[in-house]
Amino acid sequence: MSDLRDLYQELILDHGKSPRNLRNMEAPSNEADGYNPVCGDKVHLYLLLDNGVIKDACFEGSGCAISTASASMLTQAIVGKTPGEIRHLRKEVAEMLTSEPGNSKDFSSLGKLAAFSGVCEFPNRVKCATLAWHTLDSALGDDQEIVSTE
């Protein structure tokens with residue numbers, strides 16, 4: 001398990017240092033802002049929804065490595081999915097992030113997102129990891145309020 005944990009940490013650090021899809025989108029169909037006042041993480045999520053499918057997703061923002069990596073990996077994970085599929089994925093990610101440490105449930109179906117499975121051991125970092133996902137909910141709902149983790 002230690003080798004897997006090391007691999008997960010490397011993946012999060014890689015996305016934290018070199019985030020994918022960190023850019024502006026000229027004409028998004030949906031977008032939302034999120035803010036974590038506890039540590040100052042900010043994210044602006046852009047989505048391009050076409051014929052009921054996410055065709056493109058990107059973000060701008062600043063924050064800790066976990067917050068940035070979460071937004072980066074989220075944008076990769078949702079392209080090609082419908083809002084219904086994304087809501088199901090979001091539910092699974094939330095369950096993983098808020099599960100009891102040492103939970104024996106297998107989250108490997110989440111693919112690379114399972115890298116965040118260790119975050120549940122650090123309750124103060126859960127909000128960092130979930131900020132982009134809460135912001136995604138707002139973007140899919142076309143909510144104009146800034147999402148806050150508080």
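# A guided tour from the pocket to the sheet

Begin with helix α1, which supplies six residues to the lining of the largest pocket, the largest share from any element. The model on display is predicted.

**The pocket**

Display the largest pocket, whose volume is about 590 Å³. Its lining comprises 27 residues; select Arg 5, Tyr 8, Ser 117, Gly 118 and Val 119, which are the closest to the pocket centre. Colouring the lining by class gives 14 nonpolar, seven polar and six charged residues. As background to such a display, rolling a probe the size of a water molecule over the atoms shows where empty space is left.

Remain on α1, residues 2-17, and select Asp 6, which belongs to this helix. Is Asp 6 buried, partly exposed or exposed? Asp 6 is partly exposed, because its relative accessible area is 35%. Next, draw a C-alpha to C-alpha distance from Asp 6 to Ser 99: the two residues are 93 positions apart in sequence and 20 Å apart in space.

**The loop after α1**

Proceed along the loop between α1 and β1 and stop at Asn 21. The phi of Asn 21 is near 65 degrees, a positive value in a residue that is not glycine. For context, most residues other than glycine have a negative phi. Asn 21 counts as partly exposed because its relative accessibility is 24%.

**The sheet**

Select the four strands together. They form an open sheet in the order β3-β2-β1-β4, and the pairing is mixed. Which strands stand at the edges? The edge positions belong to β3 and β4 (147-148); each has a single partner strand, so one side of each is left without a neighbour in the sheet.

Now restrict the selection to β1 (residues 30-36) and β2 (residues 41-50), which run antiparallel and are joined by seven bridges. Within this pair, Ala 32 has Leu 45 of β2 as its bridge partner. The two strands form a hairpin with four residues between them, and Gly 40 in the turn has a positive phi of about 90 degrees.

Add strand β3 (residues 53-62), which pairs with β2 in the antiparallel sense over nine bridges. Three pairs can be labelled across these strands. His 44 stands opposite Glu 60 in β3. Leu 45, already met as the partner of Ala 32, has Phe 59 as its bridge partner in β3. Leu 47 is bridged to Ala 57 in β3. When inspecting the side chains, recall that in a regular strand they alternate between the two faces of the sheet.

Centre the view on the loop between β2 and β3, where Asn 51 is found. The hairpin of β2 and β3 has two residues between its strands, and Asn 51 has a positive phi of about 55 degrees although it is not a glycine. Is Asn 51 buried or exposed? Its relative accessibility is 73%, and Asn 51 therefore counts as exposed.

**From the α3–α4 loop to helix α4**

Move to the loop between α3 (83-98) and α4, and select Ser 104. Ser 104 counts as exposed because its relative accessibility is 72%. A C-alpha to C-alpha line from Ser 104 to Glu 150 spans 29 Å, while the two residues are 46 positions apart in sequence.

Finish on helix α4 (residues 123-140), which has 18 residues. What span should α4 have at 1.5 Å a residue? The expected value is 26 Å, and the end C-alpha atoms are 26 Å apart, so the two figures agree. Where does α4 bend? The bend is at Thr 130 and amounts to about 45 degrees.

Thr 130 is also one of the buried residues of α4. To view others, select Val 126, Cys 128, Ala 129, Leu 131, Ala 132 and Trp 133, then continue to Thr 135, Leu 136, Ser 138, Ala 139 and Leu 140; these residues are buried as well. For orientation around the axis, an α-helix has 3.6 residues a turn, so residues three or four places apart point the same way.

Notes
Residues numbered from 1 in each chain as written. Predicted model: local features only at pLDDT ≥ 70, side-chain atom pairs only at ≥ 80, totals over all residues. Heavy atoms only, no water. Pairing = 2+ DSSP bridges. Buried < 20%, exposed > 50% of the residue type's maximum accessible area, 1.4 Å probe, protein only. 1 Å grid on protein atoms, 1.4 Å probe; cavity = no way out; pocket = protein on both sides within 12 Å on 5 of 7 lines; lining within 4 Å. Points joined across faces, edges and corners; volume = space filled by probe spheres on them. Nonpolar A, V, L, I, M, F, W, Y, C, P; charged D, E, K, R; others polar. Expected span 1.5 Å × (residues − 1). Bend = angle between axes of the 7 residues up to and from the residue.
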